[in-house]
Amino acid sequence: MKSLIFTIAFSLIAGAAVAQEKKGDVSSFYEKNTVLNYNEGNNPAGEIEQPTKFDPNFHIYLCFGQSNMEGNARIEPQDLEGINSRFKMMAAVDFSNTGRKMGKWYVAVPPLCREYTGLTPADYFGRTMVERSPANVSIGVINVSIGGCSIDLFDEDKAQDYIAHSADWLQNFCKAYGNHPYQRLVAMAKEAQKAGVIKGILLHQGCTNNGQRDWPERVKLVYDRLLADLGLEAEQCPLLVGELVSQQDNGTCWLHNSVIATVPLVIPTAYVVPSLGCPGNVDKLHFTAAGYRELGKRYAEVMLRAQKNCPAVGKNSKCGQKRKKDGDQKGKKDGDQKGKKDGGQKTKGNKKK
């Protein structure tokens, strides 16, 4: 009965979310904002000497999604200060104003995605990871994100048709990645693997797919393909999925958080990053700069917890199997208790006879 009630309730919520999406809350925002973000595109490049050999202590994280991962808040003076040189970014596009070149590493001075993008969770994810890692460990991020996109943009089987039928503003964003954002992410990741180890994937996306119940399965398709294309094992490379702006923080797509909550049921090596308490912007779709800073720190905390619980040690890693093992142990324990109880009752009944 409880299961039936939950199913009906979830269907009503999802239906409401889809109806909300059809009102144009998301698309109208992008149509009205040709320049979505607030950075002027002229921050320092953070030039460094390029890595010349592989370093197992260079930990790299792939970031993708739509505008909240792209970065939508104005970069403030505090975000340009105190950036540890152990925190690096690989440019996934050329930055004409600052001279950053695609495929090259730089100190992670924002913006991390493209010129004219803003602060992103990746900024304070990387800073926190550096603070919490040994002094011999460096952190690198690669960010390929496009505001307003559906998860279908990163599905190679759907991307080209999706782009062809998208609005002009989204098509213009895609041109920066040669109209193949997924392929650009893979190409940059393969280049990065020459210098270090990919340790995880960060996703923040969902406003455009608000309330769509098959979204976790669509995310899984992208995640599985990334792992295959990069020769990674799931247990070595957890997927972190950030919640959208919560209802309490005045988000308009908060209903999708109930869908995000189900991702670990579909992807055993996925973890949800909570957004409650991360301030939302007045547009109700994006976080404020303070919200991005807090959300980025939470991505790092969740990643560190995932790595602590499931350390990736070559092909012998059991990271992706831990939840299954815990479930199996619980099921075995419950079964043993039930069997013991049933057996005891049966023996008791036999004695009465």
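**Figure 1. Burial and make-up of the whole chain.** In this predicted model, 52% of the 353 residues in the protein chain are buried (under 20% relative accessible area, 1.4 Å probe, protein chains only). The chain holds 12 helices and seven strands; these are DSSP runs numbered from the N terminus, with helices H or I of at least four residues and strands E of at least two. Its accessible surface (Shrake-Rupley method, 1.4 Å probe) is about 16600 Å². Carbon and sulfur atoms own 53% of that surface. Contacts are heavy atoms within 4.5 Å. Among those with a separation of 6 or more, 76% link residues 24 or more positions apart.

**Figure 2. Strand β6 and its two faces.** Strand β6 covers residues 239–242. Leu239 and Val241 point one way. Leu240 and Gly242 point the other way. All of them are buried. In a regular strand, side chains alternate between the two faces of the sheet.

**Figure 3. β6 beside β5.** Strands pair if DSSP finds at least two bridges between them. Strand β5 (residues 197–204) runs parallel to β6, joined by three bridges. Ile201 sits opposite Leu239 of β6. From β5 the chain passes through helix α8 (residues 215–230) to β6. This β-α-β crossover is right-handed: with the strands pointing away from the viewer, the path from the first strand over the helix to the second runs clockwise.

**Figure 4. β6 beside β7.** Strand β7 (residues 270–273) is parallel to β6, with four bridges between them. Leu239 has Ala270 as its bridge partner in β7.

**Notes.** Residues are numbered from 1 along each chain as its sequence is written. Local features need pLDDT of at least 70, side-chain atom pairs count only at pLDDT 80 or more, totals for chains, interfaces and linings use all residues, and side-chain values use heavy atoms, leaving out hydrogens and water.

Definitions and conventions:
Buried < 20%, exposed > 50% of the residue type's maximum accessible area, 1.4 Å probe, protein only.
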